[in-house]
Amino acid sequence: CDCAPAIEQLLGQGYFPCAPRGPSVAFSTEVLDFISIHSLHVAPNTTAWAETLETFWRRRGQVSNYNGRLRKRLGSAISWY
């Protein structure tokens, strides 16, 4: 396919991947910006953010197959962002 790479497509839609190659999940750039700003005012806590996101999705009936592994992906996305 002559399509743009997945990362470029994600960025074009307002999402940031968890890895530069073969990302397994992407996060809204607005959420990452919010987390970055929040981290300026409190100690950064990727574990709490990941657990909050998983609980938020679960309460809305969205299935998450990360089972606690979202933290690593979110931490990576925040680092790259």
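**Close-up 1. The structure holds 2 aromatic pairs.** Rings of Phe, Tyr and Trp (its six-membered ring) pair if their centres lie within 6.5 Å, with planes under 30 degrees apart called stacked, over 60 edge-to-face and the rest tilted. This is a predicted model, in which local features need pLDDT of at least 70, side-chain atom pairs count only at pLDDT 80 or more, and totals for chains, interfaces and linings use all residues. Residues are numbered from 1 along each chain as its sequence is written, and side-chain values use heavy atoms, with hydrogens and water left out.

**Close-up 2. F16 meets Y81 edge-to-face.** Here the ring centres are 5.5 Å apart, with 85° between the planes. The pair links distant parts of the chain, as F16 lies in strand β1 (residues 15–17) and Y81 in the segment after α4, 65 residues apart. Helices (H or I, at least four residues) and strands (E, at least two) are DSSP runs, numbered from the N terminus. F16 is buried, at 16% relative accessible area, while Y81 is partly exposed at 38%. For these words, buried means under 20% relative accessible area, exposed over 50%, and partly exposed in between (1.4 Å probe, protein chains only).

**Close-up 3. F34 and W49 form an edge-to-face pair.** Their ring centres are 5.7 Å apart and their planes stand at 85°. This pair also links distant parts of the chain: F34 sits in helix α2 (residues 29–41) and W49 in helix α3, 15 residues apart. W49 is buried, with a relative accessible area of 18%.

**Close-up 4. Helix α3 (residues 46–59) packs on helix α4 (residues 70–80).** The angle is about 115° and the axes are 9 Å apart; axes are lines fitted to C-alpha atoms, for helices over the stretch in contact, and angles run from 0 to 180 degrees between N-to-C directions. You will find T46, T47, W49, A50, L53, E54 and W57 of α3 in the contact, together with L70, R71, L74 and G75 of α4. Contact means heavy atoms within 4.5 Å.

**Close-up 5. Helix α4 has a buried side.** Its buried residues are L70, L74, G75 and A77. They cover an arc of only 165° around the axis, so they lie on the same side of α4; the arc is that of the directions from the helix axis to the C-beta atoms. The buried residues of α4 pack against β1, β2 (26–28), α2 and α3. Turn to the other side of α4 and you meet K72, S79 and W80, which are exposed.
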